[in-house]
Amino acid sequence: LEGKSEAIVALKERISSVGRTDLGVLIVGETGTGKESVAYYLHEFSQRRNAPFLSINCAGLDETFLRSELFGHEKGAFTGAVNTKAGLVEEAAGGTLFLDELPDLAPSLQADLLRFLQSKRYRRLGGTNVHHADIRVIAAAQPGLVKRVRPDLYYRIAEVAIETPSLSQIPNDIMRVVSHLVFRFTKGRTVEMGPAVSEILAYFREGEEILRLHDWRGNVRQLAGLVKRRVLLGDDVLTEINKCKGQLEKKRKPLTENNIRLIDDVIRDYVRSVHEKFPHLSKQALAKAMGKSVNTLRKYLQVGESED
């Protein structure tokens, strides 16, 4: 959340206003955009700040294990359950529970979570007693995966939706993020390997344009890994990412006259094959069916203007 760009300022203001409520929140953003940090600050701005803030990543976890982690289990509920165990909803009493990668919850678990959100009541795995827990649930998901959340759960948990911007959306804030990361990785200790702190910052400032133009698919998480390597190992990470960019650009063939001719040939072959398949259609009907203009159709069929 380091930065002064419009997107970051708006995000901070939203966290401040929503945090003071007890509304359910769904945080939507790409991997590495700080969704858990947003959840934590929502908790810190809330009336629940003095109670626990607990989190769990729902990705890749066995359904039985995840149900036990969330709601707890009774002794003997499954193989290996030698003792009764409290779940996160019980341990987070009065506080906030953050569910990262919400779409990875199995459908049956999504149904259980919905029932809990509606009633604040639940049963431990293998148990019959009904328990009550007063907690706030905040969840997170990546943009393309939100559709995997069942609609009734989505509308219940996403009373407010907050989007976290990707690093490529806030290029003017990248050096602020880098500075924050450098001080995080060097705070309270001497950097035994690699250049001094001032030299590290100077190194990244000189290469700021490379940072601004890079495609940060892993966002801040990816950037943090590079900064950490520079701090600890002195690796020339800027040359590395610049070289990768150059290799990708070489693979992209520029649009030349020959490329255009090849594309033109493909379109011509396609138009002619469709025309041969539906010879009974007029040029106007065929053009409409293909989403082309009559003039385009004539061009590729080499039909004279007098023909219909």
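Modeller: In this predicted model, a salt bridge is a side-chain nitrogen of Lys or Arg within 4 Å of a carboxyl oxygen of Asp or Glu.

Biologist: What makes the contact of Arg176 and Asp173 a salt bridge?

Modeller: Their side chains meet at 2.9 Å, N to O. The cut-off is 4 Å, so the pair qualifies.

Biologist: Why is Asp173 called buried?

Modeller: Asp173 has 1% relative accessibility, and buried means under 20%, so the term applies. Its partner Arg176 has a relative accessible area of 35% and is partly exposed, because that class runs between 20% and 50%.

Biologist: How do you know that Arg48 and Asp134 form a salt bridge?

Modeller: The N to O distance is 2.9 Å, and the limit is 4 Å, so the pair counts. Arg48 sits in the loop between H2 and S2, and Asp134 in the loop between strand S5 (130-132) and strand S6 (136-141), 86 residues apart.

Biologist: Which of these terms fits Arg48, buried or exposed?

Modeller: Arg48 is buried, because its relative accessibility is 9% and the cut-off for buried is under 20%. Asp134, at 41%, counts as partly exposed.

Biologist: What links helix H3 to helix H5?

Modeller: The side chains of Arg67 and Asp112 meet in a salt bridge of 2.8 Å, N to O. Arg67 lies in H3 and Asp112 in H5, so the pair ties together parts 45 residues apart in sequence. Arg67 is buried at 16%, and Asp112 counts as buried at 18%. Both belong to a salt-bridge network with Glu63 and Arg115.

How values were computed:
Residues are numbered from 1 along each chain as its sequence is written. This is a predicted model: local features need pLDDT of at least 70, side-chain atom pairs count only at pLDDT 80 or more; totals for chains, interfaces and linings use all residues. Side-chain values use heavy atoms; hydrogens and water are left out. Helices (H or I, at least four residues) and strands (E, at least two) are DSSP runs, numbered from the N terminus. Buried means under 20% relative accessible area, exposed over 50%, partly exposed in between (1.4 Å probe, protein chains only).
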